[in-house]
Amino acid sequence: MSRVGKEPIPVPSGVDISITGQNVKVKGGKGELELDLPGGITARQDGDEILVERPDEERENRAFHGLARSLVNNMIIGVSEGFKKELEIVGVGYRAAAKGKDGLTMSLGFSHPVEVQAPAGVEFDVPTPTQIIISGIDKQAVGQTAADIRALRKPEPYKGKGIKYVGEHIIRKAGKAAK
C-alpha cells in the first residue's frame with residue numbers, strides 16, 4: 001500500500017472542504033482551490049481529517065494514490081498558509097524591480113530589460129534589487145513561476161552570475177590555467 005496515500009490529511013480550523021464525487025474544493029483564509037482527483041481515486045471527510053482511498057490494487061491506482069493525497073494536502077496548506085519561493089540575483093548590474101504586484105522588470109545583462117507577468121494567483125515582492133519573493137496559494141504555480149524566472153539567466157559555474165534559489169549551492173569550476 002502507498003505509504004504516502006494511506007496517511008490521513010489533518011484539516012486546520014478555518015478551512016472548509018467540500019467533496020463531490022472526485023471533485024475536491026478547498027476554501028480558506030487566503031483563497032479557494034479546486035481539484036479533480038485522477039483515475040478512480042476518491043476522498044472522504046472523517047471528522048477533521050481527509051482520507052484518500054483507491055478502488056483496487058492496480059498499478060495505475062497505486063501510483064495515483066500518493067499523488068492525489070499530496071495534491072489535496074498541498075491545497076489545504078496553500079489556502080491556510082500559502083507557499084513562497086525566494087530567488088537571489090548575483091552579478092554586477094543584475095537587478096530586479098517590481099511593476100505592481102503582478103509584474104517584474106529585470107536587468108540581466110541583456111541589451112534589453114526582461115519583463116515578467118505573474119500568472120493568476122501568484123504575486124511578486126522585491127524587498128531588495130537582488131532578491132525576488134514569489135508567493136501564492138497554488139504550490140505548482142509558485143514553483144513553475146520561480147523555475148521560469150530562474151531559466152531566464154541560470155547561474156553559470158565560473159563566476160556564479162545569474163538567478164538562483166536562496167540556499168542553492170552552485171558548483172564552481174576553475175577557469176583556464178595560465179601557462
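This is a short tour of a predicted model, with stops at a sheet, a pocket and a few aromatic rings.

**Stop one: the sheet.** Start by selecting β1 (9-10), β5 (42-46) and β6 (residues 49-53). Together these 3 strands make an open sheet in the order β1-β6-β5, and the pairing is antiparallel. Which strands stand at the edges? They are β1 and β5; each has a single partner strand, so one side of each is left without a neighbour in the sheet. Now zoom in on β1 and β6, where 2 bridges join the antiparallel strands. Show I9 as sticks and look across to β6: the residue opposite is I50.

**Stop two: the largest pocket.** Next, select L33, E34, L35, L71, N74, M75, I137, D138, K139 and Q140, which line the largest pocket. Colour by element and you will see that β4 (32-36), α1 (59-80) and α2 (139-152) each give two or more residues to this lining. The space inside comes to about 180 Å³. What kinds of residue make up the lining? Try colouring by residue type: there are 5 nonpolar, 2 polar and 3 charged residues.

**Stop three: charges and rings.** Select R153 together with F110. Here R153 lies over the face of F110, at 4.4 Å from the ring centre. Then move to K85 and Y165, where the charged end of K85 sits over the ring of Y165, 5.5 Å from the centre of that ring. How many aromatic pairs does a search of the whole structure find? The count is 0, so to speak an empty last stop.

Methods. Residues are numbered from 1 along each chain as its sequence is written. This is a predicted model: local features need pLDDT of at least 70, side-chain atom pairs count only at pLDDT 80 or more; totals for chains, interfaces and linings use all residues. Side-chain values use heavy atoms; hydrogens and water are left out. Rings of Phe, Tyr and Trp (its six-membered ring) pair if their centres lie within 6.5 Å; planes under 30 degrees apart count as stacked, over 60 as edge-to-face and the rest as tilted. A charge sits over a ring if NZ of Lys or CZ of Arg is within 6 Å of the ring centre and within 35 degrees of the ring normal. On a 1 Å grid over the protein atoms alone, a cavity is a set of points where a 1.4 Å probe fits but cannot get out, and a pocket is an open set with protein on both sides within 12 Å along at least five of seven lines; lining residues have an atom within 4 Å of a point. Grid points are joined across faces, edges and corners, and a volume is the space filled by probe spheres set on the points. Helices (H or I, at least four residues) and strands (E, at least two) are DSSP runs, numbered from the N terminus. Ala, Val, Leu, Ile, Met, Phe, Trp, Tyr, Cys and Pro count as nonpolar, Asp, Glu, Lys and Arg as charged, and the others, Gly among them, as polar. Two strands pair if DSSP finds at least two bridges between them.
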